[in-house]
Amino acid sequence: MFATIASVPIGWLLLFFIIPMGIVWLYSFGTNAGLTEIKISGTFANYARAIEPLYLTIFAKSVGVAALTTLICLFVGFPVALAIVFATDKWKPWLLLGIMLPFWTNLLVRTYALMAVLRTEGYANQSIGWLHDKFGSLMTLVGMGPPQAYEPMHLLYNNFAVVLGLVYVHLPFMVLPLYAALDRLDKSLIEASLDLGAGHTRTLLNIVAPLALPGIISGLIITFVPALGAYLTPDLLGGPDSQMIANVIERQFKRANDWPFGAALSFLLMYATFIIIALQALKTKRTEGRV
Amino acid sequence: MFGRSNRTPIAPLEYTRRTWLRLWVGLTLFFLYAPLLTLMAFSFNDSRRNIVWMGFTTKYYKKALDNGSLMEALGNSLTIAAISTVVSLVIGALAAVMLWRFRFPGKAPVEGAMALPIVVPEICMGVAMLIFFAKVGYPTELPWPLSLGAIIISHITFCFPFVTMVVRARLASFNREQEEAAKDLGAGEWQAFRDVLLPHMKPGLIAGALLAFTLSLDDFVITFFTSGPNTITFPVKVYSMVRFSVTPEVNAVSTLLILLTVILTTIALRMEKQMGAMTQGH
């Protein structure tokens, strides 16, 4: 009975996940021998190249961009999660749906929608330009000289666009775990804190934040991990200097045709991901042990 | 209405009645929806470049629907999603039953490995699939449904752990005495599974299926690495169009995809409501 049930999922996972990952891992210790052949020579040269300043900078930058994205998501998402928790029963499902619906929408479509807003002749620039012209004509009425013509801003193909895009895509990842954590909170504790004379800010910092900490941490991780490995957003919204680690990996495989080096980079990204998740697991275990 | 709400003072915990919080939520929702809504609105605009409203038209929808390669890509995506959903559902449900029901040596590592496809960065999995199918030498010249095989296999690999997660959560609420009662009353192993356990799992299976379908339909990165030169899926096709330029056809196609999402979400919510009603009944 157990053998029949277990063999299919375990077999599939082994054949189509563990083995492919294993091959990548082996390739990361290989060298290009010929055009399509890769010799697994047990060399660490790929890893040595990966920690050269050029790639290390890109890696550090990816971590920085992902961290900034995560913090902005926390800052924007926390009040939203709080609002959903304290919303009336009539509003709660609609607010949740409002956050969930973009989460279900195709990532490419969302990124594309943002491109349409940000590009030089996009909605953002056109709206600002329109306001500029309106207020410009007002200024001539007051007697000042006519203003300069509106110069469209370059909002796309830079780091700003990448961070904005990542926040846009990952915000629901943050709001949902925060909501789950805050919803479990004993609300009488907040009331008690307010009754005893603490202000809202102090209550938030000294009561709500520590109690909701596991939820906040899991929200941070659920947002940070996919943001670190993001490919599509930096590719479509970023400029030449806003490359992230996933874009470099893609280039090794599709254009530079240096599979061993790409495999090494890809495993460095995986290790980074695993370390973050392991740290969280360790932390949860410790807090559970204390209770 | 405003007068009345002003008269009752805001209770300390009525955060949602505070103006700054309302404003904050409103702005966030505006941030999330404005790009999508303008995109949808301007897919009906009778102008190629300008955002100024030039009149209502559906010609870009006609253009998109007449675009043979785009429709072929959409057909591919829907086929892949349908097959991946069915297979992931079977594998995912089996894995869920296995992890829920049995204690076996090495359970923790197996459980961890099952969650791996969820946490591994998409790009790493795409790369692994590319290398794997190159190594195996998966033929690229196969007739139509078979030519999608490599993509379907990859999609099943990242979809079924999500099905397992959802179904397992559902199984946690199962009362095992029911199954024992069925067996006491003479039901065989298989009959007890089919008539007692499976009906209980049903809402979880439906939720898992919808999740798998959207995940498969959504995927770009892994497909980008696994698809051969002759098999293009919808996101990959839209990606190449988007790289080229922002056009009203892409607006139209995106609008259709957003509508599909809304429909699927509505179905999912209906199911969840039913599921809630069912758990309350227990």
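Here are some friendly notes on this predicted model, point by point.

1. **How far to trust chain A.** Start with confidence. Chain A has a mean pLDDT of 87, and 95% of its residues reach 70 or more. Among the elements of this chain, helix α3 of chain A has the highest mean pLDDT, at 94, while helix α6 of chain A (residues 123-142) has the lowest, at 74. Keep a general caution in mind as you look around: where pLDDT is low, the predicted coordinates should not be read in detail.

2. **The make-up of chain B.** Which kinds of secondary structure does chain B hold? The count comes to 13 helices and zero strands, so if you walk along the sequence you will meet one α after another. Chain B has 282 residues, and buried ones make up 48% of them. Now take the contacts in chain B with a separation of 6 or more: 69% of them join residues 24 or more positions apart.

3. **The largest nonpolar core.** This core has 158 residues, and A:Leu182, A:Tyr231 and B:Ile123 touch the most other members. Helix α3 of chain A (residues 53-85) gives the most to this core, with 14 residues. As a general point, nonpolar side chains in soluble globular proteins tend to be buried together.

4. **A closer look at A:Leu182.** Try selecting this residue in your viewer. Leaving aside neighbours within four places in sequence, A:Leu182 is in contact with A:Phe78, A:Ala81, A:Leu82 and A:Val85, and also with A:Lys187, A:Val208 and A:Ala212. Apart from the largest core lies another core, of seven residues, including A:Trp104, B:Leu217, B:Leu264 and B:Ala268.

5. **Empty space inside.** How many cavities of 30 Å³ or more does the structure hold? There are four. The second largest of these cavities contains about 80 Å³ of space. The residues A:Trp104, A:Asn106, B:Thr214, B:Leu217, B:Asp218, B:Leu257, B:Leu260, B:Thr261 and B:Leu264 line this cavity. In the lining of the second largest cavity, five residues are nonpolar, three are polar and one is charged. Two helices of chain B, α10 (189-218) and α13 (248-281), each supply at least two residues of that lining, and α13 of chain B gives the most, with four.

6. **Two polar residues in chain B.** Is B:Asn76 buried or exposed? B:Asn76 counts as buried because its relative accessibility is 3%, which is under the 20% cut-off. You will find B:Asn76 in helix α4 of chain B (residues 68-101). Not counting residues up to four places away in sequence, B:Asn76 touches B:Trp144, B:Leu148 and B:Ile232. Then turn to B:Ser154, in helix α8 of chain B (residues 149-171). B:Ser154 is buried too, with a relative accessible area of 0%. Beyond its neighbours within four places in sequence, B:Ser154 is in contact with B:Met125, B:Met129, B:Phe133, B:Ile222 and B:Thr226.

7. **A residue in between.** Finally, look at A:Leu26, in helix α1 of chain A (residues 2-27). Why is A:Leu26 counted as partly exposed? Its relative accessibility is 38%, so A:Leu26 falls between the 20% cut-off for buried and the 50% cut-off for exposed. A:Leu26 and A:Lys39 are 13 residues apart in sequence, and their C-alpha atoms are 9.6 Å apart in space.

Note on methods
Residues are numbered from 1 along each chain as its sequence is written. Chains are lettered from A and ligands numbered from 1 in the order in which they are written. Side-chain values use heavy atoms; hydrogens and water are left out. A nonpolar core is a set of buried Ala, Val, Leu, Ile, Met, Phe, Trp, Tyr and Cys residues joined through side-chain atoms within 4.5 Å. Buried means under 20% relative accessible area, exposed over 50%, partly exposed in between (1.4 Å probe, protein chains only). Contact means heavy atoms within 4.5 Å. On a 1 Å grid over the protein atoms alone, a cavity is a set of points where a 1.4 Å probe fits but cannot get out, and a pocket is an open set with protein on both sides within 12 Å along at least five of seven lines; lining residues have an atom within 4 Å of a point. Grid points are joined across faces, edges and corners, and a volume is the space filled by probe spheres set on the points. Ala, Val, Leu, Ile, Met, Phe, Trp, Tyr, Cys and Pro count as nonpolar, Asp, Glu, Lys and Arg as charged, and the others, Gly among them, as polar. pLDDT is the predictor's confidence in each residue, from 0 to 100.
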